[in-house]
Amino acid sequence: MRYGAVEAVHGISFTAEAGAVTALIGANGAGKSSTLAAISGLVPATGHVAFEGRDLSGSAPHAIVRAGIVQVPEGREILARMSVEENLLLGLRGSRDAVHGAYERFPILAERRALAAGNLSGGEQQMLAIARALLARPRLLLLDEPSLGLAPKMVAAVFEILADLKRQGVTMLLVEQNALRALRLADRAYVLDLGRITMSGTGEALLHDEAVARTYLGG
Ligand SMILES: Nc1ncnc2c1ncn2[C@@H]1O[C@H](COP(=O)(O)OP(=O)(O)OP(=O)(O)O)[C@@H](O)[C@H]1O
Ligand SMILES: [Mg+2]
């Protein structure tokens with residue numbers, strides 16, 4: 001995957017198992033977002049994406065969403081001037097009743113439903129972005145740095161939501177700079193460095209790996 005002369009991701013191969021959390025960790029510019037963008041069909045890439053036995057390589061973004069791969073983008077990308085409810089309805093596939101399910105899971109969004117989404121706190125906006133993605137009924141949820149820029153309390157809240165989703169069997173591919181929390185949650189993880197996978201293993205194994213600890217867990 002390249003941007004003009006810059007090769008962002010090179011020859012990587014990995015699997016996200018159904019019902020599991022797979023984490024991609026790595027420093028700034030490692031190629032994490034580029035990898036998700038390639039899977040979502042948002043940027044052209046060579047190579048193959050297979051999903052539930054189907055070859056999605058080269059498919060258009062809407063076809064990939066229809067196949068069940070839904071991304072929560074980095075920076076959340078909520079529509080600031082639209083209400084919380086309008087933002088949720090944008091994600092909706094199927095019955096409107098599902099929005100009530102979203103409000104049950106995220107009571108704070110129910111409280112704020114008529115408010116412009118731009119007035120929510122960063123953590124609330126992240127919840128909105130996750131809720132919106134869930135309304136699209138993903139069979140694979142892609143999350144790009146859901147904890148980025150959040151206050152510590154909100155980071156904990158977001159990871160609690162992800163742990164909940166994991167317990168419910170939601171398949172996730174999680175990109176995070178917060179390697180500690182990502183590895184604690186992940187069944188399997190891959191380390192991306194300058195566009196290449198340099199290490200992989202269970203979240204538990206990488207958590208206790210000395211090199212990983214030194215580079216990504218602050219010792
Ligand atoms: N639109 C773009 N045009 C040119 N180069 C880009 C573009 N987007 C990313 N890159 C480059 O591609 C490489 C991978 O970037 P990418 O955003 O995928 O990394 P990342 O792991 O998501 O980093 P971060 O932690 O900062 O989000 C970097 O060298 C980056 O500078
Ligand atoms: Mg990124």
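Q: How do the residues of the shell around ligand 1 divide into nonpolar, polar and charged?
A: This is a predicted model, and in it 13 residues surround ligand 1. Glycine counts among the polar residues here, and Gly29 is one of the closest to the ligand. The shell divides into four nonpolar, six polar and three charged residues.

Q: Which helix gives the largest share of the shell around ligand 1?
A: Among the closest residues to ligand 1 are Lys32, Ser33 and Ser34. The helix with the largest share spans residues 32–39 and supplies three residues of the shell. That helix is α1.

Q: How much of ligand 1 does the protein bury?
A: Let's start with the polar contacts, for which two N or O atoms must lie within 3.5 Å. An oxygen atom of ligand 1 is 2.8 Å from a polar backbone atom of Ser33, while side-chain N or O atoms lie 2.5 Å from a ligand oxygen in Ser34 and 2.9 Å from one in Gln177. Taken alone, ligand 1 exposes 630 Å², and the share of this that the protein buries is 62%.

Q: Where do the buried residues of α4 fall when seen down its axis?
A: Helix α4 covers residues 98–105, and its buried residues are Val99, Ala102 and Tyr103. They pack against α3, α5 (107–111) and α6 (122–135). Seen down the axis, the buried residues fall within an arc of 100 degrees, so they line one face of the helix.

Q: Is Ala80 buried, exposed or partly exposed?
A: Ala80 sits in the loop between β6 (69–72) and α3 (84–91). Buried means under 20% relative accessible area and exposed means over 50%. Because its relative accessibility is 41%, Ala80 counts as partly exposed.

Q: What is the separation of the C-alpha atoms of Ala80 and Leu120?
A: Leaving out residues up to four places away in sequence, Ala80 touches Ala116, Ala117 and Gly118. Leu120 is 40 residues from Ala80 along the chain. The C-alpha atoms of Ala80 and Leu120 are separated by 8.8 Å.

Q: In which loop is Glu52 found?
A: Glu52 has a positive phi, near 50 degrees, in a residue other than glycine. Its place is in the loop between β4 (50–51) and β5 (54–55).

Q: Is Glu145 buried or exposed?
A: Glu145 is not a glycine, yet its phi is positive, at about 50 degrees. You can find Glu145 in the loop between β7 (140–144) and α7 (152–167). The cut-off for buried is under 20% relative accessible area. With a value of 4%, Glu145 is buried.

Notes
Residues numbered from 1 in each chain as written. Chains lettered and ligands numbered in written order. Predicted model: local features only at pLDDT ≥ 70, side-chain atom pairs only at ≥ 80, totals over all residues. Heavy atoms only, no water. Helix = DSSP H or I, 4+ residues; strand = E, 2+ residues; numbered from the N terminus. Buried < 20%, exposed > 50% of the residue type's maximum accessible area, 1.4 Å probe, protein only. Contact = heavy atoms within 4.5 Å. Near = heavy atom within 4 Å. Polar contact = N/O pair within 3.5 Å; in protein donor to acceptor, adjacent residues only side chain to side chain. Areas by Shrake-Rupley, 256 points an atom, 1.4 Å probe, with all protein chains shown as cover. Arc of directions from axis to C-beta.
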